[in-house]
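Trainee: I am new to this structure. Could you show it to me and explain the terms as we go?

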Amino acid sequence: MPPPTLPRPRRDSRPTTGRPRVALLRGRRAFLVRAGVWAALAAGPAALLTTVSLPASVPVKPAASTRPAAVPAAADSAEAGEPAGFAETVLGLWLESGTATESSPELAQLSLLAPGVRAPRWDRRPVAVVRTAAVRTEKRGSGAWAVTVAARLADAAGGVPAEESVRGLRYFTVPVTEAGSGDSRAYTAGAPYEAAGPQAGRAPVSPYNARIEDAALTDTVGGFLSAFLGPDGAVERYLAPGTVLARPETRFAAVETLQVVSQGRTPGAGQSGASAHVRAEVTATDTAGRTWPMAYELAVTARDGRWEIASLAPTPASSANPRS
C-alpha cells in the first residue's frame with residue numbers, strides 16, 4: 001500500500017510584514033545556529049559534526065559521515081569580531097592536540113574547524129596552555145583574515161631544562177576564511193604559524209602633569225582610597241552628596257598613597273563649587289603581604305571649605321598624542 005499523502009498546507013493569504021520581519025527571522029536563525037555550534041563544541045565532535053553538517057532550516061539528525069565541515073558564521077560576523085574568537089578556539093585545539101591520540105576529541109574537533117591542518121607533537125615535553133587571547137586581526141581580502149593570537153604556555157611536566165622550556169608568551173597567526181553567503185556563511189582555519197608579538201609602543205602623554213599644593217586635597221584623596229580599599233570601609237564621609245561608589249570585594253590590610261597629581265592647577269577648597277580631576281598612585285598590601293601598585297583617577301569638588309569625591313575615573317587616563 002502506498003504511503004498516505006499528506007494534505008498540502010494552506011497558503012496564508014495574510015499580507016507579509018515586509019523586510020524587517022525577514023531580517024529579524026534571519027537574525028534569530030543565525031543566532032540559534034551559532035549558539036548550537038558552540039554548545040556542540042562542548043558536547044564533543046560527534047555533536048559538532050551533526051550541527052555543522054546541515055543548514056539552519058533543516059532539523060538536526062544523526063550524522064551519516066565523518067567528513068570535516070566548517071562552522072557556520074553569522075551574517076554580521078566581521079562586525080561582531082567572530083573571526084578573532086574562532087581563531088582563538090582553533091589555536092587552543094591545535095596546541096592541546098600535541099599529546100592527543102588518533103581517537104582524541106581534540107583531533108576530531110580540530111579537523112572540523114581546520115581541515116587538513118596537522119597537529120603538533122610534544123613527545124617527552126608536553127605543553128600546557130594557560131590562556132589564549134586574540135591581539136590583532138588583519139583583513140586579508142574579501143572573507144579572509146589573519147588573526148594573531150597570544151598564547152601563554154607552560155611546561156606540563158616538571159624538571160624541564162631552561163633551554164627546552166616553553167614557559168612564557170608566544171604569538172601565532174591563524175588564517176581564517178569565510179565562505180558562502182547569508183545563513184550559509186562558514187569559517188575554516190588554515191595552519192597556525194608562529195609570529196612576532198606586538199612592538200613596544202611609546203608611552204602616551206598623561207594629562208595629569210601638575211603638582212598639587214593644596215594639602216587638604218591630597219589628604220582627602222588619600223583618606224578616601226584608604227577607606228575605599230582598606231578594612232574600614234567608611235567612605236561616606238569623603239563623598240559628595242548623591243555620590244555612591246561600589247567598593248571592591250578585596251579588603252587590603254594597608255593602603256599607602258604615593259603621589260597625587262592633577263590636570264592643571266587646582267583651585268582652593270574655599271571656592272565652593274570648584275572642581276578638579278586628579279590621579280593618585282597607591283600601593284595596597286593584602287593580608288598575605290603581597291603589594292599591589294595601582295592608580296585611581298578621581299573627580300573632586302569643593303563644598304563648604306572641604307574637598308569631596310564626586311566620581312571615579314571621570315576622564316580618559318591618557319592623551320592620544322604620544323611623546324615625541
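Mentor: We will take the sheet, then one acidic residue, then the cores. This is a predicted model, where local features need pLDDT of at least 70, side-chain atom pairs count only at pLDDT 80 or more, and totals for chains, interfaces and linings use all residues. Residues are numbered from 1 along each chain as its sequence is written, and side-chain values use heavy atoms, without hydrogens and water.

Trainee: How do you know that β10 and β11 pair?

Mentor: Two strands (E runs of at least two residues in DSSP) pair if DSSP finds at least two bridges between them. β10 (residues 291-303) and β11 share six, in the antiparallel sense, so they pair. One bridge joins Thr301 to Glu308 of β11.

Trainee: What makes β7 and β11 edge strands?

Mentor: The open antiparallel sheet runs β7-β8-β9-β10-β11. β7 (210-211) and β11 (306-312) each have a single partner strand, so one side of each lacks a neighbour in the sheet.

Trainee: Why is Asp214 said to have no salt bridge?

Mentor: A salt bridge needs a side-chain nitrogen of Lys or Arg within 4 Å of a carboxyl oxygen of Asp or Glu. For Asp214, the nearest side chain of opposite charge, Arg265, is 10 Å away, so the test fails. Asp214 is also buried (under 20% relative accessible area, 1.4 Å probe, protein chains only).

Trainee: What makes up the largest nonpolar core?

Mentor: A nonpolar core joins buried Ala, Val, Leu, Ile, Met, Phe, Trp, Tyr and Cys residues through side-chain atoms within 4.5 Å. The largest has 27 residues, including Val221 and Ile309. Its largest share, seven residues, comes from α6.

Note on methods: Helices (H or I, at least four residues) and strands (E, at least two) are DSSP runs, numbered from the N terminus. Buried means under 20% relative accessible area, exposed over 50%, partly exposed in between (1.4 Å probe, protein chains only). Lys and Arg count as positive and Asp and Glu as negative; His and the chain ends are not counted.
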